[in-house]
Amino acid sequence: MSELTLLLLQVGFLVLLWFFVFAVVYSLRADLFGVKVRKMPEPSAAPAPTAAAGAATAPVAPIAPPAPRAPRPTGPVPATRDAVSRIVITSGPKAGLELPIGGEPLTIGRSSESGLVIRDDYTSSHHARLLLWGDQWMIQDLDSTNGTWHDGARVTTPVAIVVGAPIKVGATTFELRK
């Protein structure tokens, strides 16, 4: 075999090796750099009507004796800033773990940059985000492969969280509790 043929084979194998390296980096780019996150509108853009706002515009009525109290509704309780103080993981690799929750957004995923790191095969690197929107806790799916589930329904847009309702991310289920 001539020296020129040997040199061409060596260069060809080197080019093929670099092609495979670039192909691997390209296929893992979502895990290396994360996904693009869409911003939510400001909470002041769509304020929720409150009882205090309605009471301020209503005419003042004379004070009446208190009426007997009706039984408390047993429906879902929204997860507000005051109603939630911790996240409790109920099933999955970190079952039993409790984390205090503040007012800052919390990213959930496999990446070490996430606030709650869940290492399983069904969780994306940047899977979901918990955020406080006004006074209400919301869950937002960050275009994960397997989806985020809240109370049995898939999350496609940011959804208000109900206290005690299961939230499933990958193989892990957790709840927001007081």
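Pairing and exposure: how the labels are reached

Colleague: How do you know that strand β7 is joined to β8?

Modeller: Strand β7 (residues 148-150) and β8 run antiparallel and are joined by two bridges, and two strands count as paired if DSSP finds at least two bridges between them, so the label is met. In β8, A153 is the bridge partner of H150. Strands here are DSSP runs of E with at least two residues, while helices are runs of H or I with at least four, both numbered from the N terminus. This is a predicted model, in which local features need pLDDT of at least 70 and side-chain atom pairs count only at pLDDT 80 or more, whereas totals for chains, interfaces and linings use all residues. Residues are numbered from 1 along each chain as its sequence is written, and side-chain values use heavy atoms, with hydrogens and water left out.

Colleague: What makes β2 and β8 edge strands?

Modeller: The open sheet has six strands in the order β2-β1-β11-β10-β7-β8, with antiparallel pairing. Its edge strands, β2 (98-100) and β8 (153-154), each pair on one side only.

Colleague: Why is the contact of R86 with E98 called a salt bridge?

Modeller: The term asks for a side-chain nitrogen of Lys or Arg within 4 Å of a carboxyl oxygen of Asp or Glu. The closest N and O atoms of R86 and E98 are 2.8 Å apart, so the pair qualifies. The pair links distant parts of the chain, with R86 in strand β1 (residues 86-91) and E98 in strand β2, twelve residues apart. A search of the whole structure finds two salt bridges, and E175 with R177 is one of them, at 2.9 Å from N to O.

Colleague: Why is E175 called buried or exposed?

Modeller: With a 1.4 Å probe and protein chains only, buried means under 20% relative accessible area, exposed over 50%, and partly exposed in between. E175 has 15%, so E175 is buried, whereas R177, at 28%, is partly exposed. In the other bridge, R86 at 25% is partly exposed, and E98 at 44% is partly exposed too.

Colleague: What makes the pair of W18 and F22 tilted?

Modeller: Rings of Phe, Tyr and Trp (its six-membered ring) pair if their centres lie within 6.5 Å, and planes under 30 degrees apart count as stacked, over 60 as edge-to-face and the rest as tilted. The centres of W18 and F22 are 5.8 Å apart and the planes stand at 35°, so the pair is tilted. Both residues lie in helix α1 (residues 3-27), four residues apart, about one turn of the helix. W18 is partly exposed at 47%, while F22, at 56%, counts as exposed.
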